[in-house]
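Consider how the sheet, the helix packed on it and the nonpolar cores of this predicted model fit together. The account below starts from the strands and moves on to the side chains.

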Amino acid sequence: MALTTIWVDADACPIVIKDILFRAAERTETQTTLVANQAIRIPPSRYISFLRVTQGFDVADNEIVKRLQAGDLVITADIPLAADVIEKGGLALNPRGELYTQENIKERLTMRDFMETMRSSGIQTGGPPPLNKSDRQAFANQLDKLLSQA
């Protein structure tokens, strides 16, 4: 399966992850498109582009799914988006380097829904810990692995 495009759910993607993606896009000559509902600075490159979508719930996610081709890679921490990507034959990688797969996505969705229920009942669950150096390294390693398989 040839990886042709990397799509980035860019509204919440950490800057350090975008920087890793920018370097990888140039190095591997892989088309990389950041999708967001606000302006995002990208370096001048024939391999990196930005697609601005209108404000609204899941507008960027829906645009990514609409344009996604089987084998494309999507960078996202959004588990429902990752599930849609996998269902359409794409690959989904989160900014901490975890590859979502057919085998683990249902469990991730169930845990997300459980935490959502806890929060809506007033229980403080806290968010994920800040991205650290080992997360960035795990992401870079997994990205390199996927790009080298392409």
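Trp-7 stands opposite Val-74 in β4. The pairing between β1 and β4 is parallel and runs over 3 bridges. Both strands belong to an open sheet of 6 strands, ordered β3-β2-β1-β4-β5-β6, in which the pairing is mixed. At its edges lie β3 (48-52) and β6 (99-100), each of which pairs on one side only. Helix α2, residues 59-67, packs on this sheet and touches β1, β2, β3 and β4. The direction of α2 makes about 165° with that of β1.

Next come the nonpolar cores. The largest of them has 23 residues. Which residues have the most contacts inside it? They are Ile-6, Val-8, Leu-21, Ile-75, Phe-139 and Leu-143. At least two residues of this core come from each of β1 (5-9), α1 (15-28), β2 (31-36), β4 (73-75) and α5 (133-149). Helix α1 gives the most, with 6 residues.

Leu-21 shows how these pieces meet. Leaving aside residues up to four places away in sequence, Leu-21 touches Ile-6, Val-8, Ile-75, Phe-139 and Leu-143. The strands β1 (5-9) and β4 (73-75) and the helix α5 (133-149) each supply at least two residues of the core, and Leu-21 is itself among the residues with the most contacts inside it.

A second core, separate from this one, has 18 residues. Leu-51, Ala-82, Ile-86 and Ala-92 are among them.

Note on methods
Residues are numbered from 1 along each chain as its sequence is written. This is a predicted model: local features need pLDDT of at least 70, side-chain atom pairs count only at pLDDT 80 or more; totals for chains, interfaces and linings use all residues. Side-chain values use heavy atoms; hydrogens and water are left out. A nonpolar core is a set of buried Ala, Val, Leu, Ile, Met, Phe, Trp, Tyr and Cys residues joined through side-chain atoms within 4.5 Å. Buried means under 20% relative accessible area, exposed over 50%, partly exposed in between (1.4 Å probe, protein chains only). Helices (H or I, at least four residues) and strands (E, at least two) are DSSP runs, numbered from the N terminus. Contact means heavy atoms within 4.5 Å. Two strands pair if DSSP finds at least two bridges between them. Axes are lines fitted to C-alpha atoms, for helices over the stretch in contact, and angles run from 0 to 180 degrees between N-to-C directions.
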